[in-house]
Structures are given as C-alpha cells and as structure tokens.
Amino acid sequence: MSEKPDLRTSIGGIILKNPVITASGTFGYGEEFGTLVDLNRIGAIIVKGLSLSPSKGNKPPRVVETPCGMLNAIGLENVGIDTFINKKLPFFRTLSTPVIVNIYGKSIDEYARLAEIIEDTGEIAAIEVNISCPNVKKGGIAFGVKAKSAYKVTKAVREKTTKTLIVKLSPNVTDITEIAESAVEAGADSLSLINTITGMAIDINTRRPKLANITGGLSGPAIKPIALRMVWQVAQKVKVPVIGVGGIFSAEDAVEFFIAGATAVQIGTANFVNPRATIDIIEGIEKYLEDRNISCLSDIIGAIDTKN
Ligand SMILES: Cc1cc2nc3c(=O)[nH]c(=O)nc-3n(C[C@H](O)[C@H](O)[C@H](O)COP(=O)(O)O)c2cc1C
C-alpha cells in the first residue's frame, strides 16, 4: 500500500487526526509531558479532572502498585477550573492537538456551573464528565452507579453546553449498558469507559490498609479484559461513539478495543510506565493497518466476528 492508512476518527462532533487520547489524571495538564512526547502527534489530550475550587485530594499514601496494575486514591487533586483556564490552558494555544476538559462536581449544580464556565472558553474542544471517580466522598461515582442520576447530571451539563459532551462511565455497576443508555438519552455525544475498578490492598505486618483512603481505583493491564467486555456490550447498545479506556499498553490492546466497537481509545496507566506510550501506540496502529492493507481505521471499528 503506497499511502499511509487514514487514522482519523470522530467522537461526537470533533474529528481527531488519530484515535489515541490521553486518559484524565495520567497526563497532568499536558504541558508536563511536553519534553518527553511530541504532543502535536496525540489525537487529543484529556487533562486531570477539574472541580470548581482547587482541591488537595486525599491524604497519602495515595498510590500502590499491584500485580499488573496500580491502585490510586488521589481524590481528584486539581488546580480548579479558574486557574486551569488562566494558567494551564494558554499552553494549548501553541498546539494543534485538541484539549478535552474532564470535570467533576460534588452536586449536579456544580457540574452545570463547570459546563457553563467551559462553554465560554473557546480553546476547549470537548467536556468529559466524570461520574465515575471512586475516590471522593461526595459526587463522582455516586452519580455514575444509578441510571437516574447519570441522566440528571448529563442533562444538566447538556443544557449548559454546545460543546461535544463525553460522559465517562464507571465499571462499578451491575449493568453498564443501562447507565450508558441513560447518559445518551440525556444528550451525551459520546461515552468513555471505563474508569477504575474499586479495590484495596493491606499491609500484612501492620494490618493497615496500604492506602490512607482504605480503598482505591484499580487501573492498568489487570482491568483490560473487563474494559473490553464493557466496551463491546455498550457499543452494541448505543449509537454514539464509544471511547475505550482500561489497561491499554500497546497498539495490539488498542486494536482489540476498535474491533470490539470503540471509535477511539484513551491511554492511562501506561503513561507512567512509558511516557511515550501514546506515540508508540499510534505508530503501532498504523503498522497494523498497513501490514494488512487496511486503508482506514474505520474499517476495523466494530468488526468483531462472533459467529459460531
Ligand atoms: C493516578 C490516576 C488518576 C486518575 N484521575 C482521574 C481523573 O481525574 N478523572 C477521571 O475521569 N479519571 C481519572 N483516572 C482514571 C483514568 O483516566 C482511567 O479511566 C483508568 O485509569 C483506566 O485506564 P488505564 O488502565 O489505562 O489507566 C485516573 C487514573 C489514575 C491511575
């Protein structure tokens, strides 16, 4: 094949040059990775979850390594939306890569207010609504485990924004398709899944939990099969683009998600192990398509064959 494969993909209104996005909370505010990675090559950058006021997050220890993954209970430490807009966002004017802002509120009104503030900020391409953080006492996951509250938060944000609206779903539920359908019904343009899976670790000498928060969110390769299964289930149920997240460390992992029905993928924990993971994965996806003479990424999206 002479021409490079077309990696472009669309996530509810925005067209990305390639389907590889950084996952919230694993890539700072983008700038931190600027000396390590050519940020202009990444499909989109999702920044650390932002709240109305700055937050210090939970007490340490907040991170524990586990076999094939990690537990974190950062508790959404962030600079707050105003500081982000004034101090962090100007950096993105120097980049061609779209920035997506991940938001978190303690109440529905807070989510709506955040959306209102972002709506007036031209540079932000899309909003990702985190209704799935397991590490905060108020808000977060509380909204993501019931279809009714997922609907209410999504609707409140939808009413305040014309920007592309992505809702990030929690795996800590009985039936993720039910929550997915409610978010779409309320106006989500796209869904991202999954956030971390609640877990814990104990120090057997002290008998104390290894995280000050006691429980934390499990991420990394350990959760990939669960994320993949959920993406496959949700992609069959909704008509909006689904973004796959969870344990994606290689191009092969990403391709599995596309075949399961994901239109794009997010790279999270892998950034801590290999800061260049996003670029390696973009190059690997391109090679996978080239080697098989597939001209467009879209040809493999949802191409799973489940026939007997
Ligand atoms: C240290 C850390 C911080 C995170 N912070 C956020 C956050 O602020 N907002 C959010 O929606 N997800 C957050 N996440 C979840 C990730 O974006 C992602 O959904 C999850 O880690 C699964 O993907 P992975 O296995 O590729 O890391 C965080 C994850 C980690 C490991």
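How many bridges join strand E11 to E14, and in which sense do the two strands run? Four bridges link them, and the strands run antiparallel. Keep in mind that what you're looking at is a predicted model.

**Around strand E14**

Let's stay with E14 for a moment. To find E11, look at residues 197-200; E14 itself covers residues 215-219. If you'd like a spot to check the E11 pairing by eye, go to Met-200, which stands opposite Thr-215 in E14.

E14 also pairs with strand E6, made of residues 69-72. This pairing is antiparallel too, and three bridges hold the count here. A handy place to look is Leu-71, which stands opposite Leu-218 in E14.

**The ligand and its pocket**

Now for the ligand. The space it takes up is the largest pocket. There are 24 residues around the ligand, and the ones that come nearest are Ser-24, Lys-168, Gly-220, Gly-247 and Thr-269. What kinds of residue make up this shell? Sorted by class, you get 15 polar residues, seven nonpolar ones and two charged ones.

Gly-220 turns up again among the polar contacts of the ligand, which are listed here with two others:

| Residue | Part of the residue | Ligand atom | Distance |
|---|---|---|---|
| Asn-102 | N or O atom in the side chain | oxygen | 2.9 Å |
| Gly-220 | polar backbone atom | oxygen | 2.8 Å |
| Gly-268 | polar backbone atom | oxygen | 3.2 Å |

So is the ligand mostly buried or exposed once the protein is around it? On its own the ligand exposes 600 Å², and the protein buries 97% of that.

**A few unusual spots in the backbone**

Most peptide bonds are trans, and most residues other than glycine have a negative phi. With that in mind, here are some places worth a visit.

The peptide bond from Pro-60 to Pro-61 is cis, with omega near -5 degrees. You'll find Pro-61 in the loop between strand E4 (44-46) and strand E5 (63-66).

Another cis peptide bond joins Leu-193 and Ile-194, where omega is about 20 degrees. Ile-194 sits in the loop that runs between strand E10 (190-193) and E11, and E11 is one of the strands paired with E14.

Lastly, which sign does phi have at Cys-68? The value is positive, near 60 degrees, and this residue isn't a glycine. Cys-68 lies in the loop between E5 and E6, and E6 is the strand that pairs with E14 over three bridges.

Technical notes. Residues numbered from 1 in each chain as written. Predicted model: local features only at pLDDT ≥ 70, side-chain atom pairs only at ≥ 80, totals over all residues. Heavy atoms only, no water. Pairing = 2+ DSSP bridges. Near = heavy atom within 4 Å. Polar contact = N/O pair within 3.5 Å; in protein donor to acceptor, adjacent residues only side chain to side chain. Areas by Shrake-Rupley, 256 points an atom, 1.4 Å probe, with all protein chains shown as cover. 1 Å grid on protein atoms, 1.4 Å probe; cavity = no way out; pocket = protein on both sides within 12 Å on 5 of 7 lines; lining within 4 Å. Sits in = over half its atoms within 2 Å of the grid points. Nonpolar A, V, L, I, M, F, W, Y, C, P; charged D, E, K, R; others polar.
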